Amino acid sequence: MDDFQKEIEERTNLTSANKFELLLFRLGAAPDKGHSELFGINVFKLSEIVPMPTLTKAAGMRPPILGMVNIRGKIIPVIDLPAVTGCTPQTGLNILLITEYARSVQAFAVESVDDIIRLEWSQVLTAESGVGSSYITSIARLDSDQSTSRLAQILDVEQILYDIIPADRTSGIEKVKTNQFDIKPGSVAIVAEDSRVARTLLEQGLNAMEIPFSMHITGLEAWNRIKVIAQEAKAEGKPISDKIAFVLTDLEMPEMDGFTLTRNIKSDNFLKNLPVIIHSSLSGSANEDHVRKVGANGYVAKFEINELAAAIRSALDTAGPY
């Protein structure tokens, strides 16, 4: 038990060093390539890994949903991940990855699981261009040596779920009250989010709130922009609140995660009172504890517009002068 607890603490503490653990798995032969490639998801999103059980097919279910499965008393859908990505398993669907994303639990059927490895977020590069699949959000370089070419494709699970499992994720947008936020004219929200679908939903939500924003794909990109704006504010003798209203950041992002972005802001004397709201599909008390430790002003799970609006309003109200 002591070793198990130590392993949990070590895994959780990776976030303090801009690191994470990636589960590597295979889906079969990739389209147009004829060989099996590595894919990955963050271990924090995994509940468990189980051998493929017997599935129950409900009426009306269509591919890529294979059926339902009972995992510890919870009935959850099973998604054929090779079918989603266009891969063809050589040995069948042998493993279920039980995951939790943005308030939902689901299982992904895969061919095999390879390994769990620890990486720095700097080893993960955005895949906005140069990758054919819309379901690939980033590419992980698995070796610290940049001369090697061992790579894994990190899936945009939020996009997969958005396309496959219907849900009204924009409910309430038309009812969001505008002019309810204490934002100085000319200041903007800095937003960091790597998932395409999450960016679209955030854009819709912030537009409905009438909050101007600057969207960024990685934490590093957002941090570089914040530093430029901070230099401009200092040169003009203005507080940062004249330029930036607040920062809204995802946790998992290529190059720099949301924890590191938040720590960078809170450790800078000029920026330390800048409100930071973390908006993430990662859930659980461990992540919420880290949110408090890094000094974020709010945490909200993806994606419910009224909860996001409330988190922004609360962060602005409690931030004090900045």
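Reader: Before I look at the loops, what counts as a helix or a strand here?
Author: Helices (H or I, at least four residues) and strands (E, at least two) are DSSP runs, and they are numbered from the N terminus. Please keep in mind that this is a predicted model.

Reader: OK, so where is P64?
Author: P64 sits in the loop between β3 (46–51) and β4 (65–71), and the peptide bond leading from P63 to P64 is cis, with omega near 10 degrees.

Reader: Which residues does the other cis bond I spotted join, and where does F303 sit?
Author: That cis peptide bond joins K302 and F303, with omega about -20 degrees, and F303 belongs to the loop between β16 (298–301) and α8 (305–318). As background, most peptide bonds are trans.

Reader: Switching to the sheet, in what order do the strands come?
Author: The sheet is open and has 6 strands in the order β8-β1-β2-β11-β10-β9, with mixed pairing. At its edges are β8 (112–120) and β9 (124–126), each of which pairs on one side only.

Reader: How do β1 and β2 run, and what stands opposite F25?
Author: β1 (residues 19–29) and β2 (residues 36–42) run antiparallel and are joined by 6 bridges, while F25 has F39 in β2 opposite.

Reader: And what about E255, where does that one lie?
Author: E255 lies in the loop between β14 (244–249) and α6, and its phi is near 75 degrees, a positive value in a residue other than glycine. E255 counts as partly exposed because its relative accessibility is 26%, and partly exposed covers the range between 20% and 50%.

Reader: Then is α6 mostly covered or uncovered?
Author: Helix α6 (residues 258–266) is mostly covered, since 7 of its 9 residues are buried, including F259, L261 and I265.

How values were computed. Residues are numbered from 1 along each chain as its sequence is written. This is a predicted model: local features need pLDDT of at least 70, side-chain atom pairs count only at pLDDT 80 or more; totals for chains, interfaces and linings use all residues. Side-chain values use heavy atoms; hydrogens and water are left out. Two strands pair if DSSP finds at least two bridges between them. Buried means under 20% relative accessible area, exposed over 50%, partly exposed in between (1.4 Å probe, protein chains only).
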